[in-house]
Amino acid sequence: MQENTAAQQLLEQTFGYSAFRGEQEAIVNHVAGGGDALVLMPTGGGKSLCYQIPALLRPGVGIIVSPLIALMQDQVDALRQLGINAAFLNSSLDVETARSVYQALMRGELKVLYVAPERLMTPNFLSTLHEIQQRFGIALFAIDEAHCVSQWGHDFRPEYRQLTVLHQEFPAVPRIALTATADTPTRSEIVERLNLEDARQFISSFDRPNIRYRVALKNNARKQLLNFLESEHANDAGIIYCLSRRKVEETAAWLKEQGWDALPYHAGLDASVRQANQQRFLREEGVIMVATVAFGMGIDKPNVRFVVHLDLPKSMEGYYQETGRAGRDGLDANAWMVYGLGDLVSMRQLLDGSDTPEERKRLERQKLDALLGYCESTACRHQGILRYFGEQHPGNCGQCDNCLNPVDTWNGTEAARMA
């Protein structure tokens, strides 16, 4: 029980929460006790505490592998404000800053270090880790966004495939792999690629009952968007996703003309503009971010009241992850999407024109078809999403367009037979 008490004290005194949520406590105790874990927890479920608390409970430094440069900065800032000695190493640091982080690491001063997978895999860094292990110990390895290891996932990163080296070179150090989106094939691949066959799996429900899912056909999308914002979200913070950078900028400019506090965000903008816009969105109320999917990974703003898709996302995983940025405070939120067959044509052309291997293209087409099936479905949206992730939903949710305003349907079996 000692571990449990120490974890509870850290939760309350350091992080300021009165109680663990869901499976957090079981995960913390398992990893703090030296066990490996695979954690599937929806966006906003509190994944970071699952490795931060065990890293503080165990001797040595916790090494957190993350592909998200913007997220590292935010997480480290938050930990430092709580009095925890944390740092990160990635390509955004200048030589001098990176050197000072290395020196703090070699002096045993850091409790948590976020590192990009490319940096982690360099022979130089791996030998540094061996030295740290001998001198101070490594508390754990946390592999965040673990779906990046899967070739069949929606966000494949080749360097993630090499992370098996952690198990080979540091067999005594516990590993925790975490993701918010993994269908069954992706889950199997995470286990296989990271040698997590013996790891305990913690799988939380993917259901987000506070999100109201709605999908409509495009019919003057700007007018539809304006009606949605004016009738339901007059002073709320939200995210609007568009497929192209050009559409992001045009939509943000048009919303500004209509009197909305809208900002653009995409990878083509200057880094300082992106950073300034992100900070405004995080810190101010009622700001709308119009963005490509470059925005959002790791964005921890609890009171995002709506997520809009003005274009089809690429997959159900992408849709689930993007809509999951709404309502992380547990209060009611909207996921609203308009789509047209033109979207489908654009996505198919993008896919067919890419230099992706044919097997991968076939998989991407299947994912797109699954998403189109979801858009056109007359069944409960919550059920549809959960079914995709291999989970059952007990019944109609009463919290989506199809449950609230059922579409007229009829059984065409007899008519089809006659025809």
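## Rings, a pocket and a few individual residues

Phe-206, Tyr-320, Tyr-388 and Phe-389 come together as one aromatic cluster. Rings of Phe, Tyr and Trp (its six-membered ring) count as a pair if their centres lie within 6.5 Å; planes under 30 degrees apart are stacked, over 60 edge-to-face and the rest tilted.

Before going on, a word about the model: it is predicted, so local features need pLDDT of at least 70 and side-chain atom pairs count only at pLDDT 80 or more, while totals for chains, interfaces and linings use all residues. Residues are numbered from 1 along each chain as its sequence is written, and side-chain values use heavy atoms, with hydrogens and water left out.

### Aromatic pairs and charges over rings

By the ring rule, the count comes to 13 aromatic pairs. One to look at is Phe-281 with Phe-295: the ring centres are 5.5 Å apart and the planes stand at 85°, so the pair is edge-to-face. Phe-281 belongs to helix H12, whereas Phe-295 is in the loop between strand E11 (288-291) and strand E12 (304-309), so this pair ties together parts that are 14 residues apart in sequence. Helices (H or I, at least four residues) and strands (E, at least two) are DSSP runs, numbered from the N terminus.

Are these two rings buried or exposed? Phe-281 counts as buried at 0% relative accessibility, and Phe-295 is likewise buried at 0%. Here, buried means under 20% relative accessible area, exposed over 50%, and partly exposed in between (1.4 Å probe, protein chains only).

Phe-281 has a charged partner too: the charged end of Lys-301 sits over its ring, 5.5 Å from the centre. Elsewhere, Arg-381 lies over the face of Tyr-374, at 5.2 Å from the ring centre. For such a placement, NZ of Lys or CZ of Arg must be within 6 Å of the ring centre and within 35 degrees of the ring normal.

### The second largest pocket

The second largest pocket holds about 1,200 Å³ of space. Among its 40 lining residues, Ser-48, Gln-75, Ala-78, Asp-300 and Arg-328 are the closest to its centre. On a 1 Å grid over the protein atoms alone, a cavity is a set of points where a 1.4 Å probe fits but cannot get out, and a pocket is an open set with protein on both sides within 12 Å along at least five of seven lines; lining residues have an atom within 4 Å of a point. Grid points are joined across faces, edges and corners, and the volume is the space filled by probe spheres set on the points.

Which helices supply at least two residues each of this lining? They include H3 (47-57), H4 (69-81) and H12 (271-283). The largest share, eight residues, comes from H4. By type, the lining divides into 14 nonpolar, 15 polar and 11 charged residues. Ala, Val, Leu, Ile, Met, Phe, Trp, Tyr, Cys and Pro count as nonpolar, Asp, Glu, Lys and Arg as charged, and the others, Gly among them, as polar.

Helix H3 is largely enclosed by the rest of the structure, because nine of its 11 residues are buried. Among the buried residues of H3 are Lys-47, Tyr-51 and Ala-55. In H12, Ala-276 is partly exposed, at 41% relative accessibility.

### Two buried residues and their contacts

Ile-138 lies in strand E5 (residues 138-143) and is buried, with a relative accessible area of 6%. Its C-alpha atom is 8.8 Å from that of Ala-55, though the two are 83 residues apart along the chain. Not counting residues up to four places away in sequence, Ile-138 touches several residues, including Pro-59, Val-61, Leu-129 and Phe-170; contact means heavy atoms within 4.5 Å.

Val-248, in helix H11 (residues 245-257), is buried with a relative accessible area of 0%. Beyond four places in sequence, its contacts include Cys-242, Tyr-265, His-266 and Val-290. Val-248 and Leu-310 are 62 residues apart in sequence and 9.8 Å apart in space, C-alpha to C-alpha.

### Positive phi angles

Most residues other than glycine have a negative phi. The table shows two residues with a positive value.

| Residue | Phi | Loop | Relative accessibility |
|---|---|---|---|
| Glu-145 | near 50° | between E5 and helix H8 (165-169) | 7%, buried |
| Asn-195 | near 55° | between helix H9 (184-193) and strand E7 (200-203) | 28%, partly exposed |
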